[in-house]
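The following exercises concern one molecular structure and are to be solved from its sequence and its coordinates. Each task is followed by a worked solution.

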Amino acid sequence: MYAAGPGIRKFIMSRSTLTLSGETVDRARIEALLAGDALLVLEDCDLAGADLSRLNLQECAFVRCALSETSFYAANLARTRWQRCRGGHADFESADLVDARFEACDLNNAGWRRAKLASALFRACKLTGAHFEDVSQLGLAFEDCLLVGADLRRMSFRKATLRGLDFAEADLAGCDFRDAVFAEGCSLRDAHIKDTRFDAADLREADLGGLKLGNAKQFAGATISPRQAAELVRGLGLNVA
């Protein structure tokens with residue numbers, strides 16, 4: 001039997017709950033359940049391809065659910081909890097995800113355009129190819145996540161301590177990493193860093209392989225290791241003797 005994590009237990013104790021387990025769920029079913037004003041906990045449910053756009057699902061919990069190509073467009077998902085869900089190409093565009101928590105979810109190629117992600121947390125999630133254009137992100141945090149090939153343009157990570165984040169081949173154009181600390185397990189390999197700021201960042205633990213250094217001012221005051229310095233110089237076509 002699944003044991004709900006402490007975050008989910010805290011939420012489900014605050015109001016009456018209705019738990020669905022192992023069901024295939026569509027919009028009509030969700031709307032009928034929401035009419036009872038209970039907090040929904042969906043475990044091992046199949047919502048793949050469902051249109052759940054604009055629904056009020058705040059504080060609901062999703063555990064090991066199939067969300068492939070599910071639409072949450074403009075839905076109210078504030079304070080929701082997501083654990084071990086799989087949602088390739090899920091659509092969260094314009095959704096309210098303030099204070100949402102995603103743990104060990106596979107959300108490759110999901111769309112988050114214009115989503116409200118203030119104080120949201122992604123922990124141990126796969127977000128390869130995800131699109132985060134124009135999101136509201138104050139307090140947004142990623143921990144031990146795969147962001148390979150993700151579109152993170154113009155996002156701010158200023159003064160953040162980044163742990164286990166793989167930005168390989170990600171589009172980081174215009175991102176702000178000023179004063180950020182890249183802790184063990186971070187990678188910027190082959191990332192796109194046009195107009196990206198790394199001023200005073202600590203990059204010593206990051207994999208910088210393949211970076212194209214177009215402007216040294218991007219790294220003004222940053223700290224790198226001798227090995228990383230040699231890699232960056234080689235990227236300019238120079239030989240280190």
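Four exercises follow, preceded by the conventions that apply to them.

The model is predicted: local features need pLDDT of at least 70, side-chain atom pairs count only at pLDDT 80 or more, and totals for chains, interfaces and linings use all residues. Residues are numbered from 1 along each chain as its sequence is written, and side-chain values use heavy atoms, with hydrogens and water left out.

**Exercise 1. The sheet**

Determine the order of the strands in the open sheet and the sense of their pairing.

Solution. Strands are DSSP runs of E with at least two residues, helices are runs of H or I with at least four, and both are numbered from the N terminus. Two strands pair if DSSP finds at least two bridges between them.

Step 1. Seven strands form the open sheet in the order β1-β2-β3-β4-β5-β6-β7, and the pairing is parallel.

Step 2. The edges are taken by β1 (17-21) and β7 (141-143); each has a single partner strand, so one side of each lacks a neighbour in the sheet.

Step 3. On average, neighbouring strands are turned by 10° against each other, direction ignored. For such angles, axes are lines fitted to C-alpha atoms, for helices over the stretch in contact; in general the angles run from 0 to 180 degrees between N-to-C directions.

**Exercise 2. Strand β2 and its surroundings**

Establish how β2 is paired with β1 and with β3, and whether its residues are buried or exposed.

Solution. Step 1. β1 and β2 run parallel and are joined by five bridges; one bridge partner pair is Thr17 and Leu39 of β2.

Step 2. β2 and β3 also pair in the parallel sense, over three bridges. Val41 has Ala61 of β3 as its bridge partner, and Glu43 has Val63 of β3.

Step 3. Buried means under 20% relative accessible area, exposed over 50%, and partly exposed in between (1.4 Å probe, protein chains only). Five of the five residues of β2 are buried, so this strand is largely enclosed by the rest of the structure. On one side lie Leu39, Val41 and Glu43, on the other Leu40 and Leu42, and both faces are covered.

Step 4. Helix α2 packs on the sheet and touches β1 and β2 (contact: heavy atoms within 4.5 Å). The direction of α2 makes about 140° with that of β2.

**Exercise 3. Aromatic pairs**

Classify the ring pair Phe102 and Phe122 and the ring pair Phe167 and Phe177.

Solution. Step 1. Rings of Phe, Tyr and Trp (its six-membered ring) pair if their centres lie within 6.5 Å; planes under 30 degrees apart count as stacked, over 60 as edge-to-face and the rest as tilted. The whole structure holds 23 aromatic pairs.

Step 2. Phe102 and Phe122 are stacked, at 4.7 Å centre to centre and 5° between the planes. Phe102 belongs to β5 (residues 101-103) and Phe122 to β6 (residues 121-123), so the pair ties together parts 20 residues apart in sequence. Both Phe102 and Phe122 are buried.

Step 3. For Phe167 and Phe177 the centres are 5.8 Å apart and the planes at 75°, so this pair is edge-to-face. Phe167 and Phe177 are both buried.

**Exercise 4. A buried loop residue**

Locate Thr80 and state its relative accessible area.

Solution. Step 1. Thr80 is placed in the loop between β3 (61-63) and β4 (81-83).

Step 2. Its relative accessible area is 0%, so Thr80 is buried.

Step 3. Not counting residues up to four places away in sequence, Thr80 touches several residues, including Cys60, Phe62, Asp99 and Arg101.
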